[in-house]
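The following exercises are to be worked with the sequence and the coordinates at hand. Each task is followed by a solution in steps.

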Amino acid sequence: IFENHSLKHLSVGGEKLVSMPPPFYAFYNGYGPTECTIFSTVFHVLEREENIPIGHPLSNVQLYVVDRQMRRLPVGAAGELLIGGIGVGRGYLNNPEKTAEAFIDNPFQPGVRLYRSGDIVRYRPDGNAEFVGRKDRQVKIRGFRIELKEVESVIQDIPGVKDVTVQA
């Protein structure tokens, strides 16, 4: 972070923020997948944090942290993040199977759609959500989603390759 007195507000998103000193301007960490119109949550960074939270949901956004049986989890328990609200997309173009897997009916509010993010989060006692990891082996490299299993599959098909493991 550099001292910049002309900059008043900065919002960032796309990659997990780990640690930073408090800046000289209003600094916001935004979180949200493309399937939910980019930002679904925001956290105003006011002090040094070692794992900067993804924050609270924006207006008209609902967050649910659930276990594998789709039961809501209490504060501190890690589970998959489901996102609902006005920004949730309709699905993936020409991909009904992937759409059915990722966009589901809300078990807590009938008639409303949710997006299964695949992200594992937990609520902190202060009410902010904190990113923990992924439920699958998807990684992000410079903002691009990479499915490591797909890369392994392609490499495995190369003649002479016996076994492969891909890591970011």
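## Exercise 1. Acidic and basic partners

Determine whether Asp119 is buried or exposed, and identify its salt-bridge partner in this predicted model.

Solution. Step 1: Asp119 has a relative accessible area of 10%. The cut-off for a buried residue is under 20%, so Asp119 is classed as buried.

Step 2: The partner of Asp119 is Arg134, with 2.8 Å between the closest N and O atoms. The two residues belong to distant parts of the chain, Asp119 to strand S8 (residues 113–123) and Arg134 to strand S9, with a separation of 15 residues.

Step 3: Arg134 has a relative accessible area of 23% and is therefore partly exposed.

Step 4: A network also has to be noted, in which Glu49, Arg124 and Asp126 are joined by salt bridges with shared partners.

## Exercise 2. Two further salt bridges

State how many salt bridges the model contains, and describe the pairs Lys135 with Glu80 and Asp67 with Arg71.

Solution. Step 1: The count is seven salt bridges. In general terms, oppositely charged side chains can pair when their charged atoms come close.

Step 2: Between Lys135 and Glu80, the closest N and O atoms are 3.3 Å apart. Lys135 is in the loop between strand S9 (129–134) and strand S10 (138–141), whereas Glu80 is in strand S6 (residues 79–85); the pair therefore ties together parts that lie 55 residues apart in sequence.

Step 3: The environments of these partners are then assigned. Glu80 has 7% relative accessibility and is buried, while Lys135, with a relative accessible area of 48%, is partly exposed.

Step 4: In the salt bridge between the side chains of Asp67 and Arg71, the N to O distance is 2.8 Å. Arg71 is partly exposed, at 48% relative accessibility.

## Exercise 3. The surroundings of an asparagine

Locate Asn128, decide whether it is buried or exposed, and list its contacts beyond its neighbours within four places in sequence.

Solution. Step 1: Asn128 is found in the loop between S8 and S9.

Step 2: The relative accessible area of Asn128 is 6%, and the residue is therefore buried.

Step 3: With neighbours within four places in sequence set aside, the contacts of Asn128 are Phe43, Pro53, Gly55, His56, Arg122 and Tyr123.

Step 4: With His56, Asn128 also makes a polar contact between side chains, at 2.9 Å.

## Exercise 4. Positive phi outside glycine

For Thr37 and Asn60, give the sign of phi, and state where each residue lies.

Solution. Step 1: The expectation is that most residues other than glycine have a negative phi.

Step 2: Thr37 has a positive phi, near 60°. Thr37 is in the loop between strand S2 (26–31) and strand S3 (41–45), and is exposed, with a relative accessible area of 54%.

Step 3: Asn60 has a positive phi as well, near 65°. Its loop runs between strand S4 (56–57) and strand S5 (61–66). Asn60 is exposed, at a relative accessible area of 53%.

## Exercise 5. The four-stranded sheet and a surface patch

Give the order of the strands in the open sheet of four strands, name its edge strands, and describe the nonpolar surface patch that includes Phe39.

Solution. Step 1: The order is S1-S2-S3-S4, with mixed pairing.

Step 2: The edges are strand S1 (9–12) and S4; each has a single partner strand, so one side of each lacks a neighbour in the sheet.

Step 3: The pairing of S3 with S4 is antiparallel and comprises two bridges. Thr41 is opposite Pro57 in S4.

Step 4: The patch consists of Ile38, Phe39 and Leu58 and covers about 220 Å². Phe39 is in the loop between S2 and S3 and is partly exposed, at 30% relative accessibility.

## Exercise 6. The chain as a whole

Summarise the secondary structure, the burial and the exposed area of the chain.

Solution. Step 1: The chain has two helices and 11 strands, in the sequence pattern β-β-β-β-β-β-α-β-β-β-β-β-α.

Step 2: Of its 168 residues, 36% are buried.

Step 3: The exposed area is about 10,700 Å², of which carbon and sulfur atoms supply 54%.

Methods:
Residues are numbered from 1 along each chain as its sequence is written. This is a predicted model: local features need pLDDT of at least 70, side-chain atom pairs count only at pLDDT 80 or more; totals for chains, interfaces and linings use all residues. Side-chain values use heavy atoms; hydrogens and water are left out. Buried means under 20% relative accessible area, exposed over 50%, partly exposed in between (1.4 Å probe, protein chains only). A polar contact is a pair of N or O atoms within 3.5 Å; within protein, one must be able to donate a hydrogen and the other to accept it, and residues adjacent in sequence count only if both atoms are side-chain atoms. Contact means heavy atoms within 4.5 Å. Two strands pair if DSSP finds at least two bridges between them. Patches are made of residues with over 30% relative accessible area and no salt bridge: like charges are joined within 9 Å, nonpolar side chains (Val, Leu, Ile, Met, Phe, Trp, Tyr) within 5 Å. Accessible areas come from the Shrake-Rupley method with a 1.4 Å probe; for residues, only the protein chains shown count as cover.
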